[in-house]
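Student: Let's go through this model by question and answer. Where shall we start?

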Amino acid sequence: MHIASTDLLQRYQRWRRVAEPGFWIMLTLLQASVNSWLVWLDLRRTGVNTPFWEVAVWEWSSNLVLLALVPVVVLAGQYRPLHLVFQRQNLRWHLAASVVYSLVHVAAMVALRKLAYWSQGSDYDFGNWWRELPYEYLKDVRAYFLVLLAVGFYQLLLMRWQGEATLLGEPDEGPAVEPVEQPERFLVRKLGKDFLLPAGDIEWIQAWGNYVNLHVRGHDYPLRSTMAAIERRLDGKRFVRVHRSYIVNLDFVQAIAPLESGDARAVLTTGGEVPVSRRYRDGLKSSC
């Protein structure tokens, strides 16, 4: 069972970049198609003979814009993580973000509808903006938080599936078998089992909200810590800060590729790349 779950996770990781956007695309296609048909049928029952193409334009214009805004909500969730949303400050931030989200949605949606109607030799009238905007916002704020919750729940499931890392603490009895302030290993819980992850196997570390991701052989193990805190506890001869959001293991650095912007990319022996900001570029060169 453990082996089957691990193999499934590895297969999913290979298709993850396709599966994640694919889910939202399929959801949008399904929702826009079903809603177009249902709204058209409802209008016919009430005696309103609206052409089907108009109903389809209403639904598809709205859903396509919402699809385009999904990455924005994902970034908002990363900036203010889901488990902090209901703290007062973060809730206010997300409510303000949802207002901007709604305004962009309505403006782009109306523009698409006007373009579609113009192509049919007709004209689209959104109605009284002051009356319609509050109505649209009530729908959009629900969509915003549903996407936020869905993404947060997915990330939580993926985190549990991949495994979570914790720092080894002081033992209840007796001395520690290794330095606790500068750990040589991390405790990882994965698929209901605990195992020790050598610090030397970590290729890079990336900031992720209130967590940092330990990247090891294509897997990310979230560790609840800040970049500053984890940097203080790592071997400075091996791990070097190369970006505001990245720390790299020098043992895996194969080359440093400069960029026209003045930044660079650290090319790793594993085939991966880590961004290097100009602020840390010289420090990385002197460390290699």
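Student: This is a predicted model. Which helix gives the largest share of the nonpolar patch?
Tutor: The patch lies on the surface and is formed by L30, V34, W37, L38 and F52. Together they have about 480 Å² of accessible area. Four residues, the largest share, come from helix α1 (residues 2-45).

Student: Is L38 buried, partly exposed or exposed?
Tutor: L38 sits in helix α1. Buried means under 20% relative accessible area, and exposed means over 50%. L38 has 43%, so the class is partly exposed.

Student: Now the interior. Which element gives the largest share of the largest nonpolar core?
Tutor: That core has 17 residues, and F186, I202, I205, L214 and I230 have the most contacts inside it. Elements giving two or more residues are β2 (185-190), β5 (211-216), β6 (219-224) and α5 (227-232). The largest share is three residues, from β5.

Student: How many residues does the second, separate core have?
Tutor: Its members include W24, V65, V70 and V73. The size of this second core is 16 residues.

Student: What is the relative accessible area of N249?
Tutor: N249 lies in strand β8 (residues 246-249). Beyond its neighbours within four places in sequence, N249 contacts A199, G200, I202, E203, R238 and F239. The residue is buried, with a relative accessible area of 0%.

Student: Which backbone nitrogen does the N249 side chain reach?
Tutor: The cut-off for a polar contact is N or O atoms within 3.5 Å. The N249 side chain reaches its partner at 3.0 Å. That partner is the backbone nitrogen of D251.

Terms used: Residues numbered from 1 in each chain as written. Predicted model: local features only at pLDDT ≥ 70, side-chain atom pairs only at ≥ 80, totals over all residues. Heavy atoms only, no water. Patch = residues over 30% accessible without salt bridge, like charges linked within 9 Å, V, L, I, M, F, W, Y side chains within 5 Å. Areas by Shrake-Rupley, 256 points an atom, 1.4 Å probe, with all protein chains shown as cover. Salt bridge = Lys/Arg side-chain N within 4 Å of Asp/Glu carboxyl O. Buried < 20%, exposed > 50% of the residue type's maximum accessible area, 1.4 Å probe, protein only. Core = buried A, V, L, I, M, F, W, Y, C linked by side-chain atoms within 4.5 Å. Polar contact = N/O pair within 3.5 Å; in protein donor to acceptor, adjacent residues only side chain to side chain. Contact = heavy atoms within 4.5 Å.
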